[in-house]
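The exercises below go through a structure step by step, from its overall make-up to one small sheet and then to the contact between two chains. Try each task on the coordinates before reading its solution.

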Amino acid sequence: MNLARATPSGAPRAAADAAEVCTRAELEEAIAAACGRIAPLWPLKHFVAVNPFLGFAGQSFHAACTRMRRVARIDMLMPRAFYRQALATGIIEERDVEAALSRAPRDWRVPVSANALIVALREDVPIRTGRSAVVATVAELLDTRAEGDRQVSRTAFMIDEISKWCAAYFDEGQSVWRLPTRGASIYGAWRASMRYDRNPEMMGIAGFRAAVAALPEDCVEAIWAVIEILGVPRAAVADYLHQALCDIGGWAAYARYLVWQSELYGKADDTLVQLLAVRVVWGYALFLQHRDPGFRDAWRRAMQAAATPPQDDQAGDDPDIAIDLLMQVAYEGAYQRRLLAELAARPVEQAPPAASPGADDAAGPTVQAAFCIDVRSEVYRRALEAVCPEVETIGFAGFFGYPIEYVQIGHLTGGAQCPVLLTPKFVVCEGVGKASAEEETLILGLRQLRRRAARAWKSFKLSAVSSFIYVETAGLLFASKIVSDSAGLTRPVKDPNTDGLDADVIARVGPRIEARTVGGRATGFDAAQRITQAEAVLRAMSLTRQFAGLVLLIGHGSTTANNPHASSFDCGACGGHTGEANARVAAAILNDPEVRIGLRERGIDIPAGTWFLGGLHNTTTDEIELFDADAIPAEHADAALRLRTSLAQASARCRAERAVNLGIAGRADVETRIRARSRDWSEVRPEWGLAGNAAFFAGPRRMTRGVDLKGRAFLHDYTWQSDAGFSVLELIMTAPMVVASWINLQYYGSTVNNRAFGSGNKVLHNVTGTIGVLEGNAGDLKVGLPWQSISDGARLVHEPLRLNVFIAAPLEAINGVIAKHENVRHLADNRWLHLFALDDAGRVTHRYRREGQWEPLPASAAESMESKESTEAMVAEDTMVSEDAMLSEDLMVSEDAMVSADSAVSAVSTVSAVSAVSAVSAVSADSTVSAASAAFEDSADSAVPLDLGIPLDSAVSVDSAVATDSTVSTHSTVSTHSTMSTHSTGPTDSTGSTVSAD
Amino acid sequence: MTNNLLWLIAAGPGLLIVVGLLPARRTLAAGRRTSLLARIAASASVAAALGAALVVLFAGTARTECYGVSGIGVSLYLDALSAMMFCLVAFIGLIVVIFSHHYLDGEPGQVYFVRRLCLTLAAVLLVIVAGNLALFAAAWIGTSMGLHRLLIFYPERQAALLAARKKFVASRIGELCLLGAMAILYRRFGTLDYAELFTAVRAWQPAFTPGLHAAALLLVATALLKSAQLPLHGWIIEVMETPTPVSALLHAGIVNAGGFLILRFSGIVALSVPALDTLAVVGGLTALFGSVVLLPQTSIKVSLAYSTIAQMGFMMLECGLGAFSAALLHILAHSLYKAHAFLSSGSVIDIARASWTPSPGGQPHPARMAISIMAVLFVTAVISPLFGASLTEQPGVFALGAVVALGLIHLIANSIDERPNGYVIGRTVALALLVAISYFGLQFAMEHLTAGVLPRTASLRGPFELAIVVATVASFGAVTLFQSILPRHASQARWQALYAHVSNGFYLNTLANRWVLAFWPNPPQPNTFQPYPLNLMKKPKP
């Protein structure tokens, strides 16, 4: 590139000759890589859970941990004290540690034994935040040189400035005077603003405006120029850019959300790249301030060090992180061990649901109630089943298969009420029940007029001069408002959903499903759409026969006051909205007689006596509201009455259970207190949301009915026998399971490192741009959940566990979905979740390893956990995977070694028949461990990491070399999946991890 | 002497001090317990405040004897002013204490938070009921100290330290000014007891010496520094580094102390023309500064902070124009409004979700606005003398009346947009009428309530005041016009430049930060700080 053009005069190049500088194509690749590592952040108006590690899904969990720690000093694991405490309190037992150790990849430098690991754990790791990143940014280096004082180094100022500017650019309604340049692209608008903005110079950053103006107008060109001037080595550019983005991770995440939304509709969007350019140019401006030789020398050294990045997928490079990773695996292993034991202890039901008293196939249970898969539904479903055993409950994503855009009265557009992976397919308008067209027009007009009058009043309140008069006339009225808000009698502001409507109208509003054109857009559903969608939904719910007289479809939502994160408690499957509209739409369509006829033609015969009823589960108060009750046919009147009684009992039971975590268990006034929480404007924990989530079940309810899953499991109903072609399984694994994993990892991230992946302390939250929150008065936008959502101060209410997915389906079918969908494959193979398979009797039979391989679990897992016997014989017999003769010998050997270690672990939670074979394999597992630990000791002695810089394929051969003969011979029968060859032979840095973390 | 029963009202602040000094360990249970005790103490303060209000209502101004040496000591003084302020602060204190109970639940340092809150609240209450300048000054300093401890509730937050240090500098300068004023007054009158002091000052009235002018100016400086006025306002926009209830107490209780000081010593300040002019100029500038810089702010709490700066400025302007009872009304109303605004700041997402419709009516046209404004100014100039509020007789009333009219015009003009609608306009005009009636009604009532306590609005002091009044009316009119022109020209280069300067608050705070960092850099914080408790595994009691 033309350096003379790009480089402002007098800016010396820091290092490197031209040969080291990347080309534009390489730069674009690096930019894409850096931007790809940022997960999106949904705005607070419809906040949904996002996997904060979304950009790392393509690499293994442990590689992501290593990289985040190295590049941005961000931890993805708990502090050591946590694991120590878990050991001390018996949550992790020594056998869990042993199991974790034995499944550690062979090339890791790990302690020789569980005891050694536990000893090593006693030492806290100073490097957590102390060790400098391998690729230093200017900001990083300045911070280091200022001994961590980010005010003195001006990096805190930089972040405040970028954040303030982003807030102005993205603002959706907080500011009265909007950023004048916001119509342009971000980088362009920022450049334009910086022509006038003297704030950096007032802070002592001389020549800031000139520095910005001298750089190219194009954002990529600008990044390129800076990279070149700074002399960032080619190999380090992506990490450099990634670390730069991490400094402004919150706004980067919001930009990523905008990109995500554009891409969802097939549009290209470079918002994030533009933002990156802003950040990189800022760093450059700081760089220009420091011309002293000390800084320049340090910079040159940092860039030299950055030229040879380590390989993140070999966590063994860093024994400290290996120890933390192993402890996390042990912690999760301990949970799995207990969960499997609990599931196994359940009396196994071989028969399909015994709900039908008569032999008549058509007769189902008296009531079926479908709930969202949300973990909070599990508590309610268990309560309902307990008070009313003849009720059959069903779990399904809470949008009930209707991806709608719900347009409220007076709005032009609405929110997307569907999982964020989808785009709405239908537009549904809110209407007023039993209202004539004239009346509706009146109501709409009145709402809009009230809105305009309110707007004039608001302007009076906020404008420069009139605000003084506002205060003197209206201020005293706030005395009574403060009292009534404090007492929970009023909301601090009106409910946005009902604001401007009269009380009698509010009671009548609901979704309108009739097809009609509103504002030039087709809304509602025509006859064909209704039938198609109804069929799809029923099949996806595995609800195609044995319909009950009353079928409830219960969405969920929360009621909280004064809570910026309110929508995080609403239904994620409805895109951060309440599920009311979706449930009502689904019920109305399924009650449509013409739909019933159409469905009958398609093989789903809903009896004439079946009535669908939409409802809403208030997850804060655990009440259930039923909608359109006046339309219930007379024949169901009694049943509906009994149902209401049961629901009331179930609600009370549910509240009593939840009261434990709210710290009010056993009190006589539990209900009053819970209701008060939902209205308390000072309540930072109105409910616990999805805290505690740890498992996902896809299978018939009978497999989990009767087990107390403690509100920690997503329950999705699924019957593979009625799933022709496994299309429903595919749907479940690509949508609800992925969403559950997003939720799980969001809670995980917010727990392990609330500073990086959570939104910090709620008592400091400061809503900015009506988009997100700042912690305090400035700084970066915060992502994720507040600390108050995962801890009550005394303990963690959410345990940081990766999701344990249980699927009741044939292994081939699950493998089919995994093979077909890359994102599912990434989740499973890279250990972002743990996958288990259930047989038809509901026993957990297999555990997924990777690349389509499954490891069988022994038949009875209830007792004698001490057993160390492996199930190697079963592996040999049952292995799913066909032998692949194409594989080279050493690859097979290394894979085998891992299988042996893994299966030794699985045996920890199981009991198996003692056999000669298992005895042999136990030996082999031990010998593998000791071989690996011998290697550890060797390398420790020579102070050289075992395989630093060795490409993966050679690492594998090292592995096989250290494996003992017995390992090799015992496991030579085990075969590997054919996809493995391509996967494991690629010695790439970012994705080529052949060795799984656990 | 029955007046010594007045000491009973000291029980409120007294209990708060006791709770604030109770030994307690840093545990969650201790935090909750202390919080409940604080609620009792704060309720007692409210009871004491109501008692005080009754005393003043039926017995008029009351005071205790002064325990101390030659008027320096401990005494209480109750009149309409202190009774109203006592009620206000005790009420907001109770609300804040109640709010904090759930809000800070689970916070490991809750016990410290509650204790500091109690001590700060007690100090503010003592400022209000103090009966002599010495106690007043001690409580005044105590307020700053308590607030400082609250601001650094999270000592690991560097931004909190920076803000607290800026505040520290401003507070210390202010306290020096206060002590200086105290020294001058004591030298002149030989007492610091209010009753004696105020009587002596009134007797001295005809011959106001330069020394007394200096004392008045020092008092004004103290008040301006306390109320975050230009140019040392920067700390108040950065104190969101501490939990929301502190912001509520600060913006609704503590910044008012500046205004209260002026009102308390209005007998002295009102006699000094330079002091009043200073108040009017600084207050007026701050009011305009705050309300314009507020416009481009993007976060709710920073917006509210600029609003506080502006409102305090307006209150100071009212004092400077001699409209003391209007200033008291402003303090009361603003405190209640701002306490609610801060405590409910989490609801801003609800508001955003409700403001969905793109306005069907568009924006009001600036030309119409300009004409309206000129009409208003004309009407004010011509009609208000008919009601006795002539420019020379009551300049304060005249200026403030013009501001009221501007506000009403803004309200009505906003309802007459590109597609005027009878319902909207009718409703807004009715609202405007209601606003006007309540405004003048409240002003009248307040003037009545404080008759004899606060000086009445005086006639024109001289040409400089005339200039201030004219400048006030003209600049407020200009800002109103500016705001209605804004949306149409925003993209022009000079507006872009103006936006940059305004959104940065004309760089005043940046310079202050740079200065504080240069002379008082933050010590690097240990990186190993663990913000959240790690005793994670304890299961809840079933």
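Helices here are DSSP runs of H or I with at least four residues, and strands are runs of E with at least two, both numbered from the N terminus. The model is predicted.

**Exercise 1.** Determine how many helices and strands chain A has, and what share of its residues is buried.

*Solution.* Counting the runs in chain A gives 39 helices and 20 strands. For burial, the criterion is a relative accessible area under 20%, and 64% of the 998 residues in chain A are buried. A last step looks at the contacts in chain A between residues at least 6 apart in sequence, of which 75% join residues at least 24 apart.

**Exercise 2.** Work out the strand order of the open sheet that contains β14, β15 and β16 of chain A, and describe how its strands are connected.

*Solution.* Begin with the pairings: β14(A) and β15(A) run antiparallel and are joined by four bridges, while β15(A), residues 772–775, pairs with β16(A) in the antiparallel sense over two bridges. The order in this open sheet of three strands is therefore β14-β15-β16, given that two strands pair if at least two bridges are found between them. The edge strands, each pairing on one side only, are β14 (765–768) and β16 (781–782) of chain A.

Next, place the residues that face each other: A:V767 is opposite A:V773 in β15(A), and A:L774 is opposite A:L781 in β16(A).

Finally, examine the turns. The hairpin of β14(A) and β15(A) has three residues between its strands, and A:G769 in that turn has a positive phi of about 60°. In the hairpin of β15(A) and β16(A), five residues lie between the strands, and A:G776 takes a positive phi near 90°.

**Exercise 3.** Is A:Q174 buried or exposed, and which residues does A:Q174 touch?

*Solution.* First locate A:Q174, which lies in the loop between α9 (155–170) and α10 (186–193) of chain A. The relative accessible area of A:Q174 is 13%, so the residue is buried. Leaving out residues up to four places away in sequence, A:Q174 touches A:G769 and A:T770, together with B:Q297, B:T298, B:S299, B:I300, B:S303 and B:V348. A:G769 is the residue with positive phi in the turn between β14(A) and β15(A).

**Exercise 4.** Characterise the contact between chain A and chain B by its area, its residues and its polar pairs.

*Solution.* The size of an interface is often given as the accessible area lost when the parts come together. Between chain A and chain B this buried area is about 11000 Å², with carbon and sulfur atoms giving 64%. Of the area that chain A buries against chain B, A:W177, A:R452 and A:E472 supply 9%, more than any other three residues.

The contact takes 127 residues from chain A and 135 residues from chain B. Turning to specific pairs, there are 36 residue pairs in polar contact and two salt bridges between the chains. B:R157 and A:E775 meet through their side chains in a salt bridge, at 3.3 Å from N to O. On the side of chain A that touches chain B, helix α20 (residues 437–462) contributes the largest share, 16 residues, and the residues of that side divide by class into 56 nonpolar, 37 polar and 34 charged.

Technical notes: Residues are numbered from 1 along each chain as its sequence is written. Chains are lettered from A and ligands numbered from 1 in the order in which they are written. This is a predicted model: local features need pLDDT of at least 70, side-chain atom pairs count only at pLDDT 80 or more; totals for chains, interfaces and linings use all residues. Side-chain values use heavy atoms; hydrogens and water are left out. Contact means heavy atoms within 4.5 Å. Buried area is the accessible area (1.4 Å probe) that two parts lose on being put together, summed over both. A salt bridge is a side-chain nitrogen of Lys or Arg within 4 Å of a carboxyl oxygen of Asp or Glu. A polar contact is a pair of N or O atoms within 3.5 Å; within protein, one must be able to donate a hydrogen and the other to accept it, and residues adjacent in sequence count only if both atoms are side-chain atoms. Ala, Val, Leu, Ile, Met, Phe, Trp, Tyr, Cys and Pro count as nonpolar, Asp, Glu, Lys and Arg as charged, and the others, Gly among them, as polar. Buried means under 20% relative accessible area, exposed over 50%, partly exposed in between (1.4 Å probe, protein chains only).
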